[in-house]
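Biologist: I haven't looked at this one before, so could you walk me through it? I'll ask as we go.

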Amino acid sequence: MSKIKRYFKGVVEQAKMVRWPSRKDLLSSVAIVLGVVVVAALALSLSDALVGELLKLLENQNGAPSSETSEHVHAAIRLLGNLFF
């Protein structure tokens, strides 16, 4: 039992030594994290929508592909390439 008490006493001592960020620093860091999350979510949503449309176009091709469908597929592939590379 004394080992457990000693452990928690050490935890409390270490917690007292933690240097917490100021409110301004904390809010700044939270804003940066939220901004990155929003940008990543938008990028993933856009790429998901583009891939979904590309797959729909490929599924809808019956027999020989029409030139219009091929142009749309190539445009989607180019757009995906530009998005990621």
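Biologist: Let's begin in the middle of the chain: is Val51 buried or exposed, or something in between?

Modeller: Val51 is partly exposed, because its relative accessible area is 36%, and buried would need a value under 20%. Please keep in mind that this is a predicted model.

Biologist: Which helix is Val51 in?

Modeller: Val51 lies in helix H2, which runs over residues 23-60. In space, the C-alpha of Val51 is 8.1 Å from that of Ala76, although the two residues are 25 apart in sequence.

Biologist: OK, and what is the overall make-up, in helices and strands?

Modeller: The protein has three helices and zero strands, so that, read along the sequence, its pattern is α-α-α.

Biologist: How far does H2 span from end to end?

Modeller: The end C-alpha atoms of H2 are 55 Å apart, and this agrees with the 56 Å that its 38 residues should span at 1.5 Å a residue.

Biologist: And what about H1, how far does that one reach?

Modeller: H1 has 15 residues and reaches 21 Å from its first C-alpha to its last, which is close to the expected 21 Å. H1 is also hardly covered, since the count of buried residues among its 15 residues is zero.

Biologist: Which residues make a nonpolar patch on the surface?

Modeller: Met1, Ile4, Tyr7, Phe8 and Val11 make a nonpolar surface patch of about 590 Å², and one of them, Phe8, lies in helix H1, which covers residues 2-16. For the protein as a whole, about 7,700 Å² is exposed, with carbon and sulfur atoms supplying 66% of that area.

Biologist: Switching to the inside, how much of the protein is buried?

Modeller: Buried residues make up 7% of the 85 residues in the protein. In H2, the residues Ser47, Leu50 and Leu54 are buried.

Biologist: Which residues form the largest nonpolar core, then?

Modeller: The largest nonpolar core has five residues, namely Leu50, Leu54, Val73, Ala76 and Leu80. Helix H2 and helix H3, the latter covering residues 67-84, each supply at least two residues of this core, and the largest share, three residues, comes from H3.

Biologist: What does Leu80 touch, apart from its neighbours in sequence?

Modeller: Once neighbours within four places in sequence are left aside, Leu80 is in contact with Ser47, Leu50, Val51 and Leu54. Val51, where we started, is thus one of the residues that Leu80 contacts.

Biologist: New topic, charges: how many salt bridges are there in the whole structure?

Modeller: A search of the whole structure finds one salt bridge, in which the side chains of Lys56 and Glu53 meet at 3.3 Å, N to O.

Biologist: Where do Lys56 and Glu53 lie?

Modeller: Both Lys56 and Glu53 lie in helix H2, three residues apart, which is about one turn of the helix.

Biologist: Why would side chains like that pair up?

Modeller: In general, side chains of opposite charge can pair when their charged atoms come close.

Biologist: Are those two buried or exposed?

Modeller: Lys56 is partly exposed, with a relative accessible area of 45%, and Glu53 is partly exposed too, with a relative accessible area of 43%.

Methods:
Residues are numbered from 1 along each chain as its sequence is written. This is a predicted model: local features need pLDDT of at least 70, side-chain atom pairs count only at pLDDT 80 or more; totals for chains, interfaces and linings use all residues. Side-chain values use heavy atoms; hydrogens and water are left out. A nonpolar core is a set of buried Ala, Val, Leu, Ile, Met, Phe, Trp, Tyr and Cys residues joined through side-chain atoms within 4.5 Å. Buried means under 20% relative accessible area, exposed over 50%, partly exposed in between (1.4 Å probe, protein chains only). Helices (H or I, at least four residues) and strands (E, at least two) are DSSP runs, numbered from the N terminus. Contact means heavy atoms within 4.5 Å. Patches are made of residues with over 30% relative accessible area and no salt bridge: like charges are joined within 9 Å, nonpolar side chains (Val, Leu, Ile, Met, Phe, Trp, Tyr) within 5 Å. Accessible areas come from the Shrake-Rupley method with a 1.4 Å probe; for residues, only the protein chains shown count as cover. A salt bridge is a side-chain nitrogen of Lys or Arg within 4 Å of a carboxyl oxygen of Asp or Glu. The expected span of a helix is 1.5 Å times one less than its number of residues.
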